Structure formats: C-alpha cells, structure tokens
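Student: Before we discuss the terms, please show me the sequence and the structure.

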Amino acid sequence: MIREKETTLYLGPQHPGITGNMMVKLKVQGDTVVKATTHVGYLHRAFEKLIEQRNWLNAFTLLCRFCVPEPDPMELTYARAVEELDNREVPERAQYIRVIVMELARLQSFMLWYAGQAGSAGLYTLGQWSVGDRNYILDLFEELTGGRIYHMYIWPGGVRRDVTDTWKDKVLKTMDYLEKRQDDYNQLMFDNTIFQKRAKGVGIVPKDKAIEWGVVGPPLRGVGIKSDVRIDEPYEVYDKLDFEVPTAEGGDIWARALVRKEEFRQSISIIRQAIEKMPKGDYYNKVPNPMKWVVPEGQAWAKTESVRGEIGFYVVSNGTNKPYRVHAKGAAYTHGVTVLEKILPGQNIADISFIMNSLGVCPPEIER
Amino acid sequence: MSFIDLKGILQPLGALKQLGKKPHTIQFPAESIEASDNYRGLHFNDLDDCIGCGNCSTICPNEAIDMIDLLNIKEKKGDSSLRPRIDNGRCCWCALCVDVCPTGSLSLTKDYIFVTEDPNDFLWTPGIDNKDAADKISYTSDVSTSISMYDRVPMRELEGKERVKSFAEVVLGYSEEEARAEAQRCISCGLCVEVCPENMHIPEYINAIAQAKDKDALRIIYDNNPLPEMCGKVCTRLCEDVCAMQVRGDAVAIRWLKRYATETAPTVELIKEIVDPQIEEPNGFSVGIVGAGPAGLTAAYYLALKGYDVTIYEAQAHAGGMIMYGIPKYRFPLESIDKQIQYMESIGVKIKYNTKVGKDISFKEIYNNNDAVFVGIGLQIPWNIGIKNEDSPGVIPAIDYLTIINSDGKFDVGKKVAVIGGGNVAIDGARVAARYGADVTILYRRRVEDMPADWEEIEGAEHEGVKIVPQAIPTKIIRNKEGKVKGVEYVMAKMVAQDGGRPRPVAIEGSETIYECDTVIGAIGQQADFDWLPENYKEKVIIERGKIQVNNLRQTGDNKIFAGGDAVKFGNSDAISAIADGFNAVKGIDKLLLNK
Amino acid sequence: MTELIKEQHLLDSLTSAFKIKGRVIRDRRVEVFADKKMVSGILLFAKKQLGFIHLAHMTCIDWIDENKFELIYTIWSPIEKIHLFVKTKIERENPEMENIDSIWDQANTYEREIREMFGIQFPGLIGEQDFALEDWDEMPPMRKDFDTKKYALETYYQRPGREDAKDVRETISERSGTKVPDFAKKYSREK
C-alpha cells in the first residue's frame with residue numbers, strides 16, 4: 001500500500017446521506033479517516049428564541065419543524081412538559097391516540113431510514129419502495145390531522161381532533177399491508193450480501209462507553225443495553241401495552257439495523273393493541289383562550305422515545321402567557337457531534353454517510 | 001461467511017416478482033388525488049359570517065394575517081367591517097386561525113396548488129379572491145373542536161325558594177378564580193366598545209382582570225364611568241349582545257366582571273386609593289344639576305374632577321334616582337348606592353337633598369347663579385294602562401309601588417297579583433310582590449321571547465314562582481262591590497307578521513278570560529314631568545313628544561342648559577345611556593365655558 | 001410521601017456529602033441547588049458514586065430581572081431510573097462556568113452552544129467558537145435583551161404591500177370617537 005499524505009476533505013454541506021444539511025471536515029489518509037470535525041449551522045432557525053416570543057400554543061407550529069422525519073415526538077414532548085407545569089390531565093382516549101400517532105410516526109420514520117440506509121449502500125430499489133409505502137401512512141396522517149408531514153396535532157391537553165372508526169379500520173388495513181411489505185424490504189436488505197458486507201463491523205459504538213457518550217435509542221440497544229424511555233419512564237399509556245424492546249450485540253451498523261427491523265414489528269403490534277384498547281371519551285382537555293393562557297411558574301423536563309432515541313424538552317415558565325425558555329435535545333445532538341467524531345477515525349470515506357444514517361443524525365435537530 | 005454467499009446474492013433477486021404488479025403511483029395529469037376531508041389547504045372565509053374580530057390575525061404565529069378594510073362590507077354593530085387577508089408566503093397552514101375563529105367563518109380548503117411568478121400575488125383575501133372555494137371547504141372548527149372558550153363561568157345565585165324570603169341580593173358575584181377564568185375567555189377584539197353607549201374600555205379592564213391586576217381594572221373602569229357598581233349589577237349590557245363569543249356560545253359576562261372589579265374595593269377609602277382621582281384646581285365656573293340620577297351624578301363627577309363647582313338638587317331624600325327608587329334592593333343593595341354617592345361627595349360633589357326644583361328652589365335661581373345647568377330628571381309619571389276601571393283602588397303603577405317599597409314604605413298587595421307589561425320594571429314589580437308572599441302572574445301582550453326585559457330577570461322571576469301569561473291583552477279591571485279590584489279581564493292574542501316590524505298581537509275574539517286578583521300592577525312605561533320648568537325656558541329648550549331635544553354634546557336649545565338621561569331623546573332609556581349623556585354633557589360644558 | 005423513598009434517599013446522600021439544598025420534585029425527579037464551584041464535584045460524585053452515568057441534558061436560562069444565568073445539568077441513572085437536576089446560578093456580568101467536558105465528552109457540545117447563545121465562557125473548552133451561528137457579531141442571541149424582531153426588521157428587506165393593515169380595536173375606537181387612556185393601553189390586545 002502506498003503511504004499517502006494527509007489531506008483535508010469536506011463532506012457536505014449537502015445532505016450527506018441524511019436528512020438535512022451538515023458538514024464534516026475530514027482529515028484523510030488515502031480513503032481512511034484520520035480525524036473528523038463536525039460543522040453544523042446550515043439549518044439554524046432560532047426556533048427556541050422564536051418560541052419565547054409566542055404564546056404557549058403557538059409553539060407547536062415550530063416544534064414539529066425541529067426534525068423533518070420525526071415531527072410528532074417533538075410535539076408530544078413539549079406538550080407533556082407543559083402539561084406537567086400546568087397540572088393538566090390528559091383524557092385517556094387522547095393518550096391512546098397519542099400512542100397511535102407516535103407509533104405511526106415511528107413507522108414512517110423507519111421507512112425513511114430503510115430508504116436512507118439502503119440508499120447510502122447503493123440499494124436504491126428499496127428506497128423507492130419504502131418511501132412509496134410511507135405515503136400510505138402519510139395518507140392516514142392527512143385524514144386525521146389535515147397535514148401530511150407537519151401534523152401540528154398533539155398539543156397540551158390532548159390532541160386536536162378525534163379519530164373516527166373508519167380511520168381506525170384504515171390504520172389496521174395499512175398495518176397488515178406494511179407487515180407483509182416488510183418481508184420484501186428485508187429480502188432486499190438483510191438477506192443481501194452487499195448490505196451485510198457493508199454493515200457488519202462498521203461504525204462500532206463501544207459497549208462500555210455507550211451510555212457515557214450519551215448514546216440513546218437503537219444505537220444504544222445495538223450494543224446490548226436494554227434502554228427505552230417507553231419502559232424506563234413510561235408515558236401516556238405505554239405501560240398498559242405489551243411490547244418488546246429488542247436489543248442486538250455488536251454495536252455496528254448491522255446490529256442497529258437488526259434492532260430497527262424488530263422495532264418496526266413492535267410498532268405495528270403496539271398500534272393494533274392501542275386501537276383495540278382505546279376507550280370512548282374526550283380527546284381534549286381544553287386549555288383556556290391561548291392568547292391569555294398563563295402557565296404557572298416552574299420548570300419541567302419531559303422525554304420521549306423517538307425513532308432515533310430519547311428526545312428531551314426543558315420548559316420554563318415565569319407565569320406569563322409565553323414560555324420563558326424551551327430547550328430541546330434530540331438524539332442527534334450527541335450522535336451527530338461527539339459520538340460521530342469519536343467513531344469516524346479509522347473508517348472508510350464511503351462509509352461515512354452510511355454510519356451517519358445508522359446513528360440517526362438529523363442536523364436540523366442539533367441546531368434547531 | 002464465505003466470500004461468495006450465494007443465498008445473499010440470489011435472495012434480493014426476489015424483488016423481480018414485483019415487476020408484474022400494478023404500480024401504486026398515479027399518472028399526472030391524467031389522474032389526480034383529492035385531498036382528504038380534513039385537509040389543511042388554502043384559506044376560505046365566509047364574509048357574511050365573519051365579524052372582523054381579528055382573532056385569526058392575533059393568533060397567527062407568522063404574522064401572516066392582516067385585517068383590512070374591504071369598503072364593500074356594510075358597517076354594522078358587532079362587526080368591525082374589517083376582513084382577514086392572508087400572506088400565503090408566510091402561512092404555515094397550522095390552522096390555528098381556524099381553531100380560534102369564534103364564528104367559524106374561517107376555514108381551510110382542499111386547494112393546495114397555488115403557483116405564481118409575482119410574490120405580490122401571495123397576498124390575497126380569502127372569500128373574495130377564491131369565491132369558488134366555498135364548496136371545497138375541508139378543515140373547519142365547530143363548537144366542540146374550536147379552542148375558543150364558549151361556555152360562560154356560571155354565576156352563583158341564591159336558590160329561588162330562598163330568594164323570595166327576603167330582599168337579600170340574588171346574584172352572589174364571581175370569586176377571584178371564577179373571574180379570572182371568565183376574563184380569560186375574552187379575545188380582546190373590542191367589538192363591544194362600540195355598542196356601549198358610554199364606550200367603556202371593556203377589553204382593557206377585562207384583560208387586567210385576566211392578568212390579576214384588579215386595581216388597574218378598576219382605574220380603567222372609572223376612566224369614563226363613575227357608577228360601575230351600579231352598572232356591574234343592573235346594566236342592560238348591550239355589549240354582551242355583540243360579543244364575538246355570543247355568535248356560537250355564551251357572551252363573555254362583561255357585566256359580572258365589572259361587578260367583580262368593583263367588589264375588590266369595598267370601601268370609599270379603597271376606591272379613592274385605587275382610582276386615585278386627579279382633581280384639577282378650581283376653574284371658577286359653577287354648574288347646577290337638576291336630579292341626582294345616573295346622568296346627573298356622572299356629569300357632577302367629571303365636572304368636579306375638572307375643577308368646576310358642582311351642586312346637585314335632588315327632590316328625594318336619597319341620591320340615585322331611578323337606580324335608588326326604581327330598582328329592587330335584591331338587585332342593587334342600598335349600601336352599594338351609598339358607597340358610590342359617598343365617593344362622589346368625597347371628591348367635592350355637593351348634593352342638596354329634599355330640594356324639589358320649582359318648589360323648594362326656583363329654576364330661575366339655579367339658572368342665574370350658575371354658568372351652566374344640567375338637567376337629568378328622568379321619567380316619573382307612569383303611563384296609564386288605558387283600560388276601563390283603571391282608577392280603582394288596588395291598581396298601582398309599578399314605579400310607584402317600587403318607590404314606596406324602596407323608601408321603606410308599606411303597600412299590601414294581597415294574595416294574588418297581576419302585573420301588566422314585559423319590561424324590566426314589570427319583572428321588578430312582580431319579583432318584589434313575590435317577596436311579600438303574593439302569587440304573581442305577569443300578563444304580556446306578546447311572546448316571552450319578545451319581552452324587553454333581560455332574559456336573566458325573566459328566568460329569575462320564573463325560578464321565584466312568578467307565572468307569565470304571554471299573548472294576553474288586558475281589556476278591563478273587574479271591581480268588587482266596594483269598587484276595589486277583584487280581577488283583570490284579558491283576551492288571548494295571536495301573532496300576526498307584518499312588514500318591516502316585529503309581529504303584532506291581534507286579539508282572538510271570544511277568548512276573554514278573567515284572572516282574579518287583589519292588586520294590578522301596571523308597568524307599561526313612564527314619561528317625564530316638566531311642570532317645574534317655567535314656560536319661558538320650556539320654549540327655548542324644545543320638548544318634543546315628552547322628550548328634551550339635544551345635540552351630540554347634550555346641549556339643548558338654550559345653550560346654557562344641558563340635559564341627559566331618560567328624559568332626553570338620545571339612545572336607549574337605561575342607566576348606561578344616562579351615564580353616557582352625563583359624560584358627554586361634560587364635554588359640552590367644557591366647550592361652552594372653557595372652549596376646549 | 002412514603003412512595004418516594006428512592007428519591008428521598010438520593011437527596012439525603014447528596015445533602016450529606018455536600019452543603020447543598022434540594023428537593024424531591026416528584027417521582028423520578030430530584031433537584032439540588034448548588035454554588036457554581038461545587039457543580040463539577042457534585043456531578044462527578046453522582047456519576048462515580050451514585051450511578052448517574054448519563055448526561056441527559058444541559059441548559060441555560062437567562063434570568064435577566066435577577067441579573068443571573070441559571071445552568072441546569074440533567075443527569076440520569078439507568079439503574080435507579082431517576083433524573084437529577086443540578087442547578088446553579090451565576091452572575092450575568094462576565095459569566096464564566098467550569099468546563100465539565102472531562103466528565104462527559106458530550107458536554108462539550110452543550111457548552112459550545114451555551115457559549116455562543118448566552119455568551120458564557122467555559123475556560124479550557126476545546127471546539128470551534130462558531131457552533132450554529134456563523135460570523136455573528138451581535139449580542140449572544142438567546143439572551144433576553146436581544147430583540148429578534150428589531151434585528152430582523154433592521155437586517156432584512158421588508159416587502160411592501162401590507163401597510164393597509166388595520167387594528168380592530170383602533171378601528172372600533174375611531175368609529176366610536178373614543179380614546180383608550182394611556183395607562184390602559186398595555187392591556188389592549190397584543191399585536
């Protein structure tokens with residue numbers, strides 16, 4: 001092998017295999033990474049500052065835009081933090097609806113992941129399929145919330161509109177379809193030599209460092225640690241539903257893919273249970289006139305499990321009709337910066353976008 | 001894993017089986033998908049239902065909505081005649097504007113394709129620029145899905161059975177928590193301000209209450225109403241009729257909120273401390289006021305603040321006029337009136353009681369000794385019912401009956417009472433009689449929904465056991481041998497629609513009925529008494545059909561004489577209109593004497 | 001509250017080790033208030049001795065009326081399943097806080113963000129000065145005295161065409177010929 005001198009390479013800031021603009025400054029020797037420095041800032045929209053200038057309800061028009069593939073967990077986490085501050089009960093039906101929405105959001109996000117993960121390995125067919133099928137979930141969202149990507153549906157006190165029986169039937173039908181389709185996806189992905197060879201042993205997160213590094217979600221479960229906010233700190237009605245938290249060993253892209261593959265099944269199962277168990281009743285505990293709604297003084301922290309891991313919101317009220325401070329932290333905040341910088345050295349340039357996708361890096365969420 | 005993994009190479013080829021399947025995609029433009037029934041597309045606004053409250057514009061997180069004057073919208077009460085215009089370059093289709101629209105006029109449609117090369121085209125007015133979208137409405141809000149607060153915080157009241165035992169105040173008032181919750185419902189549009197004869201700063205004081213700043217609320221109220229305690233209890237609250245919330249729900253309880261604000265200052269000292277009235281240096285002018293009713297008191301208060309030397313001449317032993325003598329104490333207790341009068345006197349208003357103009361003092365004297373005169377005499381002479389035997393003992397006008405009772409006098413109404421009329425005075429008479437243990441029935445010419453009395457009063461009367469016989473026209477009083485009232489004969493009426501007016505009652509022949517009773521209370525209105533006014537003044541002042549003619553500044557034909565209240569032909573005959581007259585007369589007097 | 005034994009126990013072990021005040025907020029939530037000098041000690045103690053190995057979140061609040069910044073470290077124990085909030089307030093003038101990225105590497109990201117958004121210095125912090133912003137020479141933007149709207153109006157071109165917008169309340173006032181007194185204006189509808 002010819003010893004090559006170190007060169008600097010800028011990866012990005014176009015979408016480097018992930019959803020959002022981000023740049024990674026690489027020191028490479030040949031096509032091996034020696035050092036990686038992340039650069040974010042292409043998607044900073046000052047959402048947290050803007051939220052401070054709007055009323056408590058207005059915030060959710062911005063929240064969902066924190067991370068494009070996963071708008072709903074943001075809405076839910078914020079809503080839960082505000083409900084804690086305001087001592088606001090959420091009707092049980094609304095809690096079931098929230099769970100269904102959350103799991104549908106996970107499913108559609110998994111499908112984007114299928115597309116991104118396969119696409120960054122060169123398996124484009126799978127991307128076409130899963131993004132096409134994702135539209136069936138977006139159709140469900142459209143019917144429920146009126147919007148396809150940004151739903152602005154979960155808000156403090158409950159949800160915005162009630163679900164109908166016909167919608168529930170449609171959800172169940174879609175679940176049956178997706179369950180069958182996942183076998184097709186897996187045939188193209190997990191049974192595929194190309195994917196296996198690309199994924200195994202690549203982008204390893206060391207097990208002993210994972211929690212300390214702030215690794216959450218599937219990457220953490222991919223090192224064999226059973227950690228999931230839905231189990232550790234159950235919210236809504238997750239404690240009334242029966243589901244498994246899959247883990248895998250190895251900490252590589254392959255392990256994370258296996259975890260997601262199984263979680264896809266679990267989400268379908270959760271949706272079916274939630275639809276079956278959903279009680280009748282109110283879907284919304286009305287908040288006062290939003291322009292005059294004053295949330296009592298205090299601070300609250302809420303966290304939710306998204307597809308990429310835990311999402312946390314720190315919400316502060318100073319007793320006025322506007323939030324005093326809202327600070328959000330998603331999985332990408334650690335995965336996309338410090339974790340990425342640690343595991344990239346020694347990897348192949350061609351694998352970088354593959355690894356980023358597997359870690360669930362979502363730049364708009366890092367800088368908001 | 002061997003280098004060549006045959007299974008791993010062959011398995012993905014299974015994808016080829018998809019080749020024979022029908023694609024899920026559609027052929028554009030040959031095929032199109034209709035958006036769902038709940039889709040959040042471009043806006044549509046029903047211009048007739050819209051009242052221009054601007055709530056959509058206030059909530060919009062992107063400042064995408066402007067309220068603009070369309071000019072072709074007819075100006076009417078309870079409608080700002082402004083309509084929303086959307087900047088579609090800013091809109092994020094969150095539909096909060098739809099969810100807070102109190103009338104439900106604003107909605108989103110299934111239209112989502114809007115292409116233009118000129119950015120200025122993004123500004124357009126829904127309902128005008130997309131008239132055809134009316135049949136594509138998808139995302140709407142109804143009373144249950146809207147986030148407007150349509151339900152009023154209920155007012156606590158004494159039980160009907162408890163009430164008739166005494167003259168204790170029926171309405172108990174809002175607690176602090178209730179008041180805050182009710183005040184939060186207000187969307188601060190201000191449509192109510194226009195219909196209030198006195199144009200009180202309603203959105204501001206309600207907002208102050210919502211923000212727990214009760215003292216500021218009281219200050220704002222006293223800015224143009226010196227009798228808020230009275231208004232907080234017995235105002236006819238025209239404001240609530242045009243409240244944006246009232247379109248699909250309950251109007252904000254503006255009157256009760258004002259009442260709540262006044263209750264936070266239970267003593268004269270507190271009122272003075274909170275309102276902190278700024279009294280100007282004496283300006284050397286003096287004003288004489290005839291009658292210490294709401295109009296006279298209001299004029300006196302603001303004149304005194306401006307440094308005038310003010311004296312009120314009141315025929316009765318108490319100030320307050322009709323609110324003192326005409327309103328039963330269960331609606332407006334004596335302490336409340338006294339407190340308001342004491343507050344007035346504390347800032348320098350002088351009141352001469354038991355001084356009837358024309359008897360104890362001549363009008364000429366007042367006229368000559370003062371730089372201006374304000375006349376607020378009200379209406380004291382009841383109209384006759386206009387039926388046979390009306391002069392029999394046992395027939396009494398409601399206003400006389402109320403005055404006797406409110407002056408601590410006695411009037412025995414017997415066991416059964418008939419009240420004739422449908423206004424607040426009739427209901428007052430009926431409810432007072434009920435408190436003396438009488439079985440009371442109200443006879444009214446039209447339907448219950450036509451009654452000019454407040455619905456709360458009607459409901460209150462019914463809860464207290466008062467019966468209402470609608471569409472009943474009295475024809476004569478039946479007397480007993482001694483010539484006293486024995487009953488009243490009436491005929492039933494049918495309602496006949498007529499062009500350009502409310503339905504007219506027409507007697508049904510042969511439907512004569514006799515209601516036996518001991519007393520008949522007539523309450524079909526009053527007129528003013530002008531006997532005290534010397535002829536030479538009467539000529540200049542101009543009195544037409546029993547009412548004094550005034551201009552906007554409440555100035556009469558004699559430019560030194562101003563007038564207001566029920567005796568003036570201007571607006572409604574209620575206390576708040578009288579207050580407005582007093583307030584505006586102050587401006588007129590200022591203009592006359594200081595040329596301001 | 002008997003059911004909060006675990007939380008109370010945690011609080012006790014922290015208050016016995018350090019001279020700090022704290023409280024159990026609810027189940028799974030404990031907060032302690034510490035002097036800024038003690039924060040790294042508490043965090044290290046919690047991480048090494050009490051099992052709070054995960055730094056879940058770190059944030060800053062600008063209490064401008066108090067002239068203080070509040071820093072909040074949210075740490076999580078996967079064994080006890082408790083969130084511990086370590087809160088400290090520092091002066092708003094020349095704010096400086098100890099760098100804790102030697103305890104948790106990812107604190108580096110939070111600290112870079114806080115340095116940029118609030119202007120708090122963390123001596124010894126490695127990482128580029130710019131985080132989400134680029135060539136920013138105004139006041140740190142998340143400070144409460146930074147006026148976003150003013151900045152936007154001064155910096156960006158405002159497209160004309162919306163000058164005819166009217167205020168409903170003012171329109172009604174004009175039509176009825178009245179004026180809202182100045183002291184009441186702050187209660188008029190927000191624009």
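Student: What makes up the contact between chain A and chain C, and how many residues does each chain give?

Tutor: This is a predicted model, in which local features need pLDDT of at least 70 and side-chain atom pairs count only at pLDDT 80 or more, while totals for chains, interfaces and linings use all residues. Residues are numbered from 1 along each chain as its sequence is written, and chains are lettered from A and ligands numbered from 1 in the order in which they are written. Two residues are in contact if their C-beta atoms, placed from the backbone, lie within 7 Å. The contact takes 28 residues from chain A and 27 from chain C.

Student: Which elements of chain A give two or more residues to the side that touches chain C?

Tutor: They are α1 (47-52), β7 (309-317), β8 (325-329) and α11 (331-343) of chain A. Of these, α11(A) gives the most, with four residues. Such names stand for DSSP runs, helices being H or I of at least four residues and strands E of at least two, numbered from the N terminus.

Student: How is the side of chain A that touches chain C divided by class?

Tutor: That side has eleven nonpolar, nine polar and eight charged residues. Ala, Val, Leu, Ile, Met, Phe, Trp, Tyr, Cys and Pro count as nonpolar, Asp, Glu, Lys and Arg as charged, and the others, Gly among them, as polar.

Student: Why are β7(A) and β8(A) said to pair?

Tutor: Two strands pair if DSSP finds at least two bridges between them. β7(A) and β8(A) have five bridges, in the antiparallel sense, and therefore meet that definition. One bridge partner in β8(A) is A:K329, which faces A:G312 in this pairing.

Student: What makes β6 (298-306) and β8 of chain A edge strands?

Tutor: Each pairs on one side only. They belong to an open antiparallel sheet of three strands, in the order β6-β7-β8 (chain A).

Student: What is the order of the five-stranded open sheet of chain B?

Tutor: The order is β9-β8-β7-β10-β24 (chain B), with parallel pairing. Its edge strands are β9 (350-352) and β24 (561-563) of chain B. The twist averages 20° from one strand to the next.

Student: Which helix packs on that sheet, and what is its direction relative to β8(B)?

Tutor: Helix α13 (residues 294-305) of chain B touches β7, β8 and β10 (372-375) of chain B, and its direction makes about 165° with that of β8(B). Axes are lines fitted to C-alpha atoms, for helices over the stretch in contact, and angles run from 0 to 180 degrees between N-to-C directions.
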